[in-house]
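Trainee: I'd like a close look at one part of this model, starting from the overall layout. Could you walk me through it?

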Amino acid sequence: MAKDGKQFRPDKYTYMGLISAHCRTCNSHESAMKAQYVLFDMMDSNIPTDSKICNAVIAGWARSGSDEAILQAEEICNRMEALSIVVDGVCFNSLINVYAKSNDPHKSVRSLQVLDRMEERRVAPT
């Protein structure tokens with residue numbers, strides 16, 4: 001983005017502010033999707049991303065009430081792992097929360113699978 005001949009590039013804090021603003025209003029599929037779009041743009045731009053930022057978006061999906069929340073939250077965890085971002089206990093707990101708030105008839109089984117993943121990785125629940 002250019003302004004007066006100067007190049008403007010968003011940094012980590014710009015992205016965090018945008019994600020935070022979208023997540024504060026994550027009461028719909030649309031707001032959660034916007035937060036995820038900003039997160040993925042941040043990741044694709046090689047801006048340092050951490051589990052705290054990713055967790056904010058996963059938690060946003062839990063609040064969204066969207067039928068796609070599980071799919072999208074899992075996609076965030078997959079991207080984190082692909083980029084060697086630690087999926088910590090807070091992220092796993094938020095993922096379990098996404099399952100708990102979903103209409104998925106297998107949510108209890110899937111939640112237990114997340115606990116198994118945590119145990120395999122020696123990640124303590126928070």
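Trainee: In what order do the elements of the chain run from the N terminus on? And where is the place of valine 86?

Mentor: Happy to. This is a predicted model, in which local features need pLDDT of at least 70 and side-chain atom pairs count only at pLDDT 80 or more, while totals for chains, interfaces and linings use all residues. Residues are numbered from 1 along each chain as its sequence is written, and side-chain values use heavy atoms, with hydrogens and water left out.

From the N terminus on, the order is β-β-α-α-α-α-α-α. That makes 2 strands and 6 helices, both taken as DSSP runs numbered from the N terminus (helices are H or I with at least four residues, strands are E with at least two).

Now to your residue. Valine 86 sits in the loop between helix H4 (69-82) and helix H5 (89-100). With a relative accessibility of 59%, valine 86 counts as exposed; the cut-offs are over 50% relative accessible area for exposed, under 20% for buried, and partly exposed in between, using a 1.4 Å probe and protein chains only. Leaving aside residues up to four places away in sequence, valine 86 touches Ser51 and Met80, where contact means heavy atoms within 4.5 Å. Methionine 16 is 70 residues from valine 86 along the chain, and their C-alpha atoms are separated by 18 Å.

Two cysteines make a useful contrast with that loop residue. Cysteine 77 is buried, at a relative accessible area of 1%, and cysteine 91 is buried as well, at 0%. Why is there no bond from cysteine 77 to cysteine 91? The sulfur of cysteine 77 has its closest cysteine sulfur in cysteine 91, but the 6.2 Å separation is too far for a bond. A disulfide is a pair of cysteine sulfur atoms within 2.5 Å, and by this rule the count is 0.

Stepping back to the whole chain, buried residues make up 40% of the 126 residues. Among contacts with a separation of 6 or more, 62% come from residues 24 or more positions apart. The radius of gyration is 15 Å, which agrees with the value near 14 Å for a compact globule of 126 residues; this radius is taken over C-alpha atoms, and the globule rule is 2.2 Å times the number of residues to the power 0.38. Along its principal axes, the C-alpha trace spans about 55 × 30 × 20 Å.
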